[in-house]
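This report walks through one protein chain, from a sheet edge to its centre and out to the helices. The sequence and structure follow.

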Amino acid sequence: MDASRNLPLMMNKQNTACFTGHRHLPADRIDEIVKKIDHVIAILHRAGYRYFVCGGALGFDMLAEQRILRAAEQGIDVNLVLALPCRNQTLNWNGADGVDMIREYQRIKGLASAIYYIEDFYIPDCMKRRNASMVELSSFCVAYYSGNYRSGAGQTFRMAEKAGLKIYNIYDVIGKAE
């Protein structure tokens, strides 16, 4: 699919940052992570960033999306752009939390400034292509990345490094204890 469809006309690399992080966050660090996300959103906004691209996954992505929407609700001129790998991304979100997470996912989608899909339905490389598109659109990457090489967050982090994006890794800032 053409990722440029549905993107805001004023969006460009200089005013766009992407967010990437692990699906599983340490419960005892959530408050610290939230504070750092809020802090970096404020700093990026002051630096001229207006578009924040997130991948719609559970964990850090969803937390970042919630904080971006909260900033917008508070009158800060920021826009959530969802880069989703496929329309059926939530297909395997099971368990007791699955229904609540799907409801929250739908709420976030309804409030996003823009949404684009890499594919209509899941295919093996749609997550990697989503990650690459987020990096391609951005000049800054906000991460919660522990160094785990075999993860989508790690893949996006390495893509951002290779592309020369400025990176702020919340994991490194709040400490490595999990």
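In this predicted model, N169 is in contact with A143, Y144, Y145 and F157, leaving aside neighbours within four places in sequence. N169 sits in strand β6. Its relative accessible area is 8%, so N169 is buried.

**The sheet**

How are the strands ordered in the sheet? The order is β4-β3-β2-β1-β5-β6. The sheet is open, has six strands and pairs in the parallel sense. Strands β4 (114-119) and β6 (166-169) stand at the edges. Each has a single partner strand, so one side of each is left without a neighbour in the sheet. From one strand to the next, the twist averages 20°.

Strands of a sheet pair through backbone hydrogen bonds, either parallel or antiparallel.

**Strand β1**

Strand β1 covers residues 16-21 and pairs with β5, residues 140-144. This pairing is parallel and runs over five bridges. Within it, T20 has A143 of β5 as its bridge partner. A143 is also one of the residues that N169 touches.

Helix α2 (residues 60-73) packs on the sheet. It touches β1, β2 (51-54), β3 (79-86) and β5. The direction of α2 makes about 140° with that of β1.

Strand β1 also pairs with β2, in the parallel sense, over three bridges. Here C18 has V53 of β2 as its bridge partner.

Is β1 enclosed or left open by the rest of the structure? Six of its six residues are buried, so β1 is largely enclosed. The cut-off for buried is under 20% relative accessible area. T16, C18 and T20 point one way from the strand. A17, F19 and G21 point the other way. Residues on both sides are buried.

**Before β1 and before β2**

N15 is found in the segment before β1. Its relative accessibility is 12%, so N15 counts as buried. A polar atom of the N15 side chain lies 2.9 Å from the backbone oxygen of M10. Not counting residues up to four places away in sequence, N15 touches M10, G48, Y49, R50 and Y51.

A47 lies in the loop between α1 (30-46) and β2. It is exposed, with a relative accessible area of 54%. A47 and F60 are 13 residues apart in sequence. Their C-alpha atoms are 23 Å apart in space.

The table lists the accessibility of three residues.

| Residue | Relative accessible area | Class |
|---|---|---|
| N15 | 12% | buried |
| A47 | 54% | exposed |
| N169 | 8% | buried |

**Helices α4 and α5**

At what angle do α4 and α5 pack? Helix α4 (residues 126-137) and helix α5 (residues 152-163) pack at about 35°. Their axes are 9 Å apart. The crossing is right-handed.

From α4, the contact is made by K128, N131, A132, M134 and V135. From α5, it is made by G152, Q155, T156, M159, A160 and A163. By class, the contact has six nonpolar, four polar and one charged residues.

**Back to the edge**

Strand β6 stands at an edge of the sheet. N169, in that strand, is nevertheless buried.

Technical notes: Residues are numbered from 1 along each chain as its sequence is written. This is a predicted model: local features need pLDDT of at least 70, side-chain atom pairs count only at pLDDT 80 or more; totals for chains, interfaces and linings use all residues. Side-chain values use heavy atoms; hydrogens and water are left out. Two strands pair if DSSP finds at least two bridges between them. Helices (H or I, at least four residues) and strands (E, at least two) are DSSP runs, numbered from the N terminus. Axes are lines fitted to C-alpha atoms, for helices over the stretch in contact, and angles run from 0 to 180 degrees between N-to-C directions. Contact means heavy atoms within 4.5 Å. Buried means under 20% relative accessible area, exposed over 50%, partly exposed in between (1.4 Å probe, protein chains only). A polar contact is a pair of N or O atoms within 3.5 Å; within protein, one must be able to donate a hydrogen and the other to accept it, and residues adjacent in sequence count only if both atoms are side-chain atoms. A crossing is left-handed if the near helix is turned anticlockwise from the far one by less than a right angle, and right-handed if clockwise. Ala, Val, Leu, Ile, Met, Phe, Trp, Tyr, Cys and Pro count as nonpolar, Asp, Glu, Lys and Arg as charged, and the others, Gly among them, as polar.
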